[in-house]
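Here is a set of short exercises to work through with the structure open beside you. Try each task on your own, then follow the solution step by step.

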Amino acid sequence: MSAETARRIVLLRHAKADWPDVSDHERPLADRGRADASVAGRRLAETGISVDLALCSTSLRTRETWKLAVQELPQRPRTVYEDRVYDAGLGELIALLNETPDEVNDLLLVGHNPGMHALADALSGEGEGGTIARMTRTGFPTASFAVIVLNGSWKSVEHGVGKLVDFWSPHD
């Protein structure tokens with residue numbers, strides 16, 4: 001696989017979480033979040049992207065979001081639950097992307113804000129249609145996802161290298 005291979009990254013923010021008296025890491029999805037996670041999975045399936053690898057935060061709400069969304073996909077990708085996605089900042093998320101093996105063409109990252117929005121914004125040097133304006137206007141709500149296309153090795157992922165080709169939000 002050449003270093004100029006087109007790659008896609010899907011950034012999926014966890015669905016709406018509940019606020020019971022538990023640690024932040026153990027917050028479950030709210031009823032609306034469970035419904036939105038399934039809808040996000042169906043919409044992701046409609047994109048036709050065949051995800052090779054999913055990296056999911058270890059928090060309960062991200063694991064529940066992914067469990068519901070992945071059921072809607074035609075194929076279940078290999079999934080790695082990654083502690084470093086939880087509470088990760090922009091630099092940590094880019095470092096994770098840089099570690100992705102080059103055999104992976106299409107990567108899905110299930111995480112949290114503000115990291116998901118910051119990463120989508122940082123990677124998107126350009127956008128297709130009104131995707132960047134729509135993402136900026138909505139602020140990357142729960143259960144939203146962004147699809148970014150980039151060329152080259154995962155090791156070369158940095159600010160501005162991608163093109164935002166899709167942004168979807170369940171309540172847009």
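**Exercise 1. The end of a helix**

Which residue just after α1 takes a positive phi? Keep in mind that you are looking at a predicted model.

*Solution.* Go to the end of α1 and take the residue that follows. Gly48 has a positive phi of about 80° there.

Now check the length of the helix. Helix α1 covers residues 31–47, which makes 17 residues. At 1.5 Å a residue, the expected span is 24 Å, and the end C-alpha atoms lie 25 Å apart, so the two values agree.

**Exercise 2. The buried side of α1**

Find the buried residues of α1 and say what they pack against.

*Solution.* Start with burial, for which the cut-off is under 20% relative accessible area. In α1 the buried residues are Gly33, Asp36, Ala37, Ser38, Ala40, Gly41 and Leu44.

Next, look at the partners. These buried residues pack against β1, α2 (60–70), β4, β6 (145–151) and β7 (162–168).

Finally, pick out the charged residue Asp36. Its relative accessible area is 6%, so Asp36 is buried. The side chain of Asp36 meets that of Arg32 in a salt bridge, at 3.4 Å from N to O. Arg32, at 41% relative accessibility, counts as partly exposed. The two residues are four apart in helix α1, which means that about one helical turn separates them.

**Exercise 3. One face of α3**

Decide where the buried residues of α3 fall when you look down the helix axis.

*Solution.* First list them: in α3 (residues 90–98), Leu93, Ile94, Leu96 and Leu97 are buried. Seen down the axis, they fall within an arc of 155°, so they line one face of the helix. Then ask what this face meets. The buried residues of α3 pack against β1 (6–13), β3 (78–82), β4 (106–111) and α4 (115–123).

**Exercise 4. Reading the sheet**

Write down the strand order of the sheet and explain why β3 and β5 stand out.

*Solution.* The sheet is open and has seven strands, in the order β3-β2-β4-β1-β6-β7-β5, with mixed pairing. β3 and β5 (124–127) are at the edges with a single partner strand each, so one side of each has no neighbour in the sheet. On average, neighbouring strands are turned by 25° against each other, direction ignored.

Now add the helices. α1 packs on the sheet, where it touches β1, β4, β6 and β7, and its direction makes about 130° with that of β7. α4 lies across β1, β4, β5, β6 and β7 and runs at about 150° to β1.

**Exercise 5. Strand β6 and its partners**

How many bridges join β6 to β7, and how many join β1 to β6?

*Solution.* Take one side at a time. β6 and β7 run antiparallel and are joined by five bridges; in this region, Val147 stands opposite Asp166 in β7. β1 and β6 also run antiparallel, with seven bridges between them. Arg7 has Leu150 in β6 as its bridge partner.

Then consider burial. Five of the seven residues of β6 are buried, so the strand is largely enclosed by the rest of the structure.

**Exercise 6. A salt bridge between strands**

Describe the pair formed by Arg8 and Asp106, and say which parts of the chain it ties together.

*Solution.* The closest N and O atoms of Arg8 and Asp106 are 2.9 Å apart, and the two form a salt bridge. Arg8 lies in strand β1 and Asp106 in strand β4, so the pair ties together parts that are 98 residues apart in sequence. Arg8 is partly exposed at 28%, whereas Asp106 is buried at 8%. The full count for the model comes to 11 salt bridges.

**Exercise 7. The surroundings of Arg27**

Is Arg27 buried or exposed, and which residues is it linked to by salt bridges?

*Solution.* Locate Arg27 in the loop between β1 and α1. Its relative accessible area is 8%, so Arg27 is buried.

Next come the contacts. Leaving aside neighbours within four places in sequence, Arg27 is in contact with Ala17, Asp18, Trp19, Val22, Leu60 and Arg61.

Last, the charges. Arg27 forms a salt bridge with Asp24, with 3.2 Å between the closest N and O atoms. Asp24 is partly exposed, at 34%. A network of salt bridges links Asp24, Arg27 and Arg61.

Methods: Residues are numbered from 1 along each chain as its sequence is written. This is a predicted model: local features need pLDDT of at least 70, side-chain atom pairs count only at pLDDT 80 or more; totals for chains, interfaces and linings use all residues. Side-chain values use heavy atoms; hydrogens and water are left out. Buried means under 20% relative accessible area, exposed over 50%, partly exposed in between (1.4 Å probe, protein chains only). The arc is that of the directions from the helix axis to the C-beta atoms. Contact means heavy atoms within 4.5 Å. The expected span of a helix is 1.5 Å times one less than its number of residues. Two strands pair if DSSP finds at least two bridges between them. Axes are lines fitted to C-alpha atoms, for helices over the stretch in contact, and angles run from 0 to 180 degrees between N-to-C directions. A salt bridge is a side-chain nitrogen of Lys or Arg within 4 Å of a carboxyl oxygen of Asp or Glu.
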